[in-house]
Amino acid sequence: MGEQPIFSTRAHVFQIDPNTKKNWVPTSKHAVTVSYFYDSTRNVYRIISLDGSKAIINSTISPNMTFTKTSQKFGQWADSRANTVYGLGFSSEHHLTKFSEKFQEFKEAARLAKEKSQEKMELTSTPSQESAGGDIQSPLTPESINGTDDERTPEMTQNSEPRAEPTQNALPFVHSSAIGKHWEAELATLKGNNAKLTAALLESTANVKQWKQQLAAYQEEAERLHKRVTELECLSSQANAVHTHKTELNQTIQDLESTLKKKEEEVERLKEEIEHARELQAQRDALTQKLQEVETRNKDLEVQLADLEQRLKKSQNEQEAFRNNLKTLLEILDGKIFELTELRDNLAKLLENS
């Protein structure tokens, strides 16, 4: 049947940056299909994902792999053969949980398949070792000299020749040659198995070194995140100070608005007085005797009016400048509050991820 897909889902694919070993690099611009494949011929499980015709994931599942959920919608695993770490971002926590369960299931199946393969190798090598041991310990008999025991060693055949009957010398040499070939084949098989075990040991040693490097990188990342959390806590305390300062500024603004209102009332009152002075001036013909007093008073009122108009104009200019400064200050405060809100959201996300 060859290799067949047994489970598929969709996710955004990432790989760890090979230079920094810290940052994620997206390998797909959008969500792609990620599938588990099973090769019945080799009894192997693989995770494969294609972006068009390009294979962005080709990872063979081994018993020592671990799929880790780092958030509600993101998971990762390390592939020592590909010398990288894969990351998947899912659309929901349900899809992440399903993928993780399948990973664990196929990882266990790979472990069982590996154990069965090792058991077969042991069963293949054990009978040969037992037969060799039996030949060494078995007593020398005429039957064994005649070649009825096909699994004795060439050394045993040569050691038995001095005790063999003279009329049967040719037959043991023929069987000795056949048994020598048999043991040469067994030796070649054992050498092959030994080479495989040596390769597996070297691969395991390389995996341990890589895991140590990854552990050191993760520890550095944890320290960096801890420092970042400390910085964000400091920024949070600064945000409280900004909030207090904003409250004080709002109180100052209210006080200034109250003062402005009083000034406007005073200006209205002065306008009424000016109107009253004009009425008095209109009545000057009827008040001839009081003309001088009225003129004096009128001059005083004019001087006061000029002074008040200057003060009013100055107050209006100051009020306009204050409003502009206040508007600028409010815009700055709004920007700072928005930045602090983003910082608080990022801090919450970081806390959730950790």
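**Aromatic pairs and salt bridges**

The structure holds 14 aromatic pairs. The model in which they occur is predicted. One of these pairs joins tyrosine 36 and phenylalanine 106: the ring centres lie 4.9 Å apart and the planes meet at 65°, so the arrangement is edge-to-face. Distant parts of the chain are linked by this pair, since tyrosine 36 belongs to strand β3 (residues 32–39) and phenylalanine 106 to helix α1 (residues 93–137), with the two positions 70 residues apart in numbering. Both tyrosine 36 and phenylalanine 106 are buried.

A further pair is formed by tryptophan 77 and phenylalanine 103. The centres of these two rings are 6.0 Å apart and their planes stand at 50°, so the pair is classed as tilted. Here too, distant parts of the chain are linked: tryptophan 77 is in strand β7 (residues 74–79), whereas phenylalanine 103 is in helix α1, and the two are 26 residues apart. Tryptophan 77 has a relative accessibility of 1% and therefore counts as buried. Phenylalanine 103, at 1% relative accessibility, is likewise buried. Ring pairs also connect residues into a cluster, whose members are Phe7, Tyr36, Tyr38, Tyr45, Phe67, Trp77, Tyr86, Phe90, Phe99, Phe103 and Phe106.

Charged side chains were examined next. Across the whole structure, 8 salt bridges are found. One of them brings together the side chains of aspartate 39 and arginine 42, with an N to O distance of 3.0 Å. Aspartate 39 is buried, its relative accessible area being 9%, whereas arginine 42 is exposed, with a value of 54%.

Salt bridges also occur in helix α4 (residues 170–282), including one between glutamate 273 and arginine 269. The N to O distance in this bridge is 2.8 Å. The two residues are 4 positions apart in the helix, so about one helical turn separates them. Glutamate 273 is partly exposed at 35% relative accessibility, and arginine 269 is partly exposed at 41%.

Arginine 278 and glutamate 275 form another salt bridge, in which the closest N and O atoms are 3.6 Å apart. These residues also lie in helix α4; they are 3 residues apart and therefore separated by about one helical turn. Arginine 278 counts as exposed, with 52% relative accessibility, while glutamate 275 is partly exposed, with a relative accessible area of 44%. Elsewhere, Glu108, Arg111 and Glu115 are joined into one network by salt bridges that share partners.

Technical notes. Residues numbered from 1 in each chain as written. Predicted model: local features only at pLDDT ≥ 70, side-chain atom pairs only at ≥ 80, totals over all residues. Heavy atoms only, no water. Phe/Tyr/Trp six-rings, centres within 6.5 Å; stacked < 30°, edge-to-face > 60°. Buried < 20%, exposed > 50% of the residue type's maximum accessible area, 1.4 Å probe, protein only. Salt bridge = Lys/Arg side-chain N within 4 Å of Asp/Glu carboxyl O.
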